[in-house]
Amino acid sequence: MNAVIPIRSDAAGCGDPIVRTEKGQREVFCGLTGIIWLHRKIQDAFFLVVGSRTCAHLIQSAAGVMIFAEPRFGTAIIDERDLAGLADCNDELDKVVHKLLSRRPDIRTLFLVGSCPSEVIKLDLSRAAERLSRAHNPTVRVLNYSGSGIETTFTQGEDACLHALVPLLPTLPPGRGKRLLVVGTLADVVEDQMRRLLADMGITAVDFFPPRNSTELPEIGAETRYLLAQPFLADTTLALESRGAQRLAAPFPLGAEGTTAWLRAAASAWGIDPDTFEAVTRAPRQRAEAALARQKVHLEGKKIFFFPDSQLEIPLARFLSRELGMVLDEIGTPYLHRKLMAEELALLPAGSHITEGQHVENQLDRCHAAAPDLVVCGLGLANPLEAQGLTTKWAIELVFTPIQGYEQAADLAELFSRPLRRRIKLAA
Ligand code: SF4
């Protein structure tokens, strides 16, 4: 039986968000998928998946449309072998890495990304990374993390990657003054917009993590205040806090309201006066609100059901209900980090239903019973659900597309209105 746990027990009770925890078969991508957006962001890094042919196929098909001249990811395929063959396996890995690095002198950081085949699990990739780092020091740094489907859902790959980078961040010397660290991969265009808005308010000591170049890692210390740009970075936040950084609690920068609250958290920490904040944010906020009003026509009153996938589900549900008038049915999320999500949970409509984890058959039954207008789910569920007459939105698109900030608010709304409009056209 599934446990149902109220998030808050203080208020009236029946109006509180309710969390159901479920265990069972899951339908989610593994953490290797994060390589697709990470390799585009960190432009001097290479992601070498140590895995099977399945892993190579996954990464190729997920990235297929985005491959340009020389991709900055690849797969070292480890075929079946027994334990006695492990020494050879390490030799082969070293050979692959040496060959890659001599052919690609632009690489400054190489990530060895672990996967779940048993042959790979037997390999100690952290020792391999240390060995290869010594061999290629100081030109190339070799790190490792796991993107294995046993350990990670798809956005957790980014968490694991950033977590591996935190120990390398230089220490911010005390007395240098506060610095703001924006944590989580943002498209460059969004990063530029955020940097401009913060600078216009007077906040100029700003770094982004991950950076565009792996050799430009931001300094970190007790005077670091960090804002999360992505909700799926639980391990990274713990590592940052162990280095002295303090989180600025805020909703995530999705929609006009979320972006304003997110920027306001930084403005408050920097003592920016409310008039300056209003003067800087008014025009882009009003532009976003006007653009959202045009999308609201298509979305208001429509019922939406989220299967767990990206960990973006709760901030998206908040945005879609508060700014676009959508009706929330179930909000599935692979994990619920109550501390990181506290500001989002407080903004959800009273009585919202959240499911943490997944038992896909039970969830499919509930989805069919709810008969939502729109279902947000992974690729594996989308086609069967479409065939059964439901309208779907692929969760993965929400991670690949720039959706944060004022200028992207309407684009984000359009990702949800487009499938609904398409369904209406097909029915006409
Ligand atoms: S689930 Fe495991 S085997 Fe499949 S692609 Fe991901 S890491 Fe590779």
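1. Let's start at a loop. P138 sits in the loop between α5 (125-136) and β6. In this predicted model, the peptide bond between N137 and P138 is cis, with omega about 0°. A second cis peptide bond links F209 and P210, where omega is about 10°. P210 belongs to the loop between β8 and β9. If you set up this model for your own calculations, these are two spots to look at with the structure open.

2. A word on confidence. The average pLDDT of the protein chain is 91, and 93% of the residues reach at least 70. Residues 1-13 are another matter, with pLDDT below 50. Beyond near neighbours in sequence, that stretch makes 17 contacts in the model.

3. Now the ligand. There are 13 residues around the ligand, and those that come nearest are C30, C55, S115, C116 and G149. Which helix gives the largest share of the shell around the ligand? That is helix α2 (residues 53-63), with 3 residues. By residue class, the shell holds 6 nonpolar and 7 polar residues, and no charged ones.

4. Helix α6 (residues 156-165) deserves a look. Of its 10 residues, 9 are buried, so the helix is largely enclosed by the rest of the structure. The buried set consists of Q156, G157, E158, D159, A160, C161, L162, A164 and L165. What do the buried residues of α6 pack against? Their partners are the helices α1 (35-41) and α8 (234-242), together with the strands β5 (109-114), β6 (141-146) and β8 (206-209).

5. Strand β8 also takes part in a sheet. This open sheet has 4 strands in the order β8-β7-β9-β10, and the pairing is parallel. β8 and β10 (246-247) are the edge strands, each pairing on one side only. At the β10 end, strand β9 (residues 224-228) and β10 run parallel and are joined by 2 bridges. Within that pair, Y226 has R247 of β10 as its bridge partner.

6. Further along the chain, strand β11 (residues 303-306) has two pairings to trace. With strand β12 (residues 327-333), β11 pairs in the parallel sense over 3 bridges, and K303 has V327 in β12 as its bridge partner. From β11 the chain passes through helix α11 (residues 313-322) to reach β12, making a right-handed β-α-β crossover. β11 also pairs in the parallel sense with strand β14 (residues 374-377), again over 3 bridges. Here F306 stands opposite V376 of β14.

7. The crossover helix itself is mostly covered. In α11, 8 of the 10 residues are buried: E313, I314, P315, L316, A317, R318, F319 and L320. Just ahead of this helix, the loop between β11 and α11 holds Q311. Q311 has a positive phi of about 70° without being a glycine. Is Q311 buried or exposed? With 26 C-beta neighbours inside 10 Å, where 20 or more are needed, Q311 counts as buried.

8. A371 makes a nice companion case. Its phi is near 45°, again a positive value in a residue other than glycine. A371 lies in the loop between α13 and β14. With 11 C-beta neighbours inside 10 Å, A371 counts as exposed, because the limit for that class is 12 or fewer.

9. Finally, A370, which is in helix α13 (residues 360-370). A370 has 14 C-beta neighbours inside 10 Å and therefore counts as partly exposed. Which residues does A370 touch, leaving aside neighbours within four places in sequence? The contacts of A370 are K303, F305, D329 and E330. That ties this point back to the strands of point 6, since β11 covers residues 303-306 and β12 covers residues 327-333. For a sense of distance across the model, A370 and L180 are 43 Å apart in space, C-alpha to C-alpha, and 190 residues apart in sequence.

Conventions: Residues are numbered from 1 along each chain as its sequence is written. This is a predicted model: local features need pLDDT of at least 70, side-chain atom pairs count only at pLDDT 80 or more; totals for chains, interfaces and linings use all residues. A residue is near a molecule or strand if its C-beta atom, placed from the backbone, lies within 6 Å of it. Ala, Val, Leu, Ile, Met, Phe, Trp, Tyr, Cys and Pro count as nonpolar, Asp, Glu, Lys and Arg as charged, and the others, Gly among them, as polar. Two strands pair if DSSP finds at least two bridges between them. A crossover is right-handed if, with the strands pointing away from the viewer, the path from the first strand over the helix to the second runs clockwise. Two residues are in contact if their C-beta atoms, placed from the backbone, lie within 7 Å. pLDDT is the predictor's confidence in each residue, from 0 to 100.
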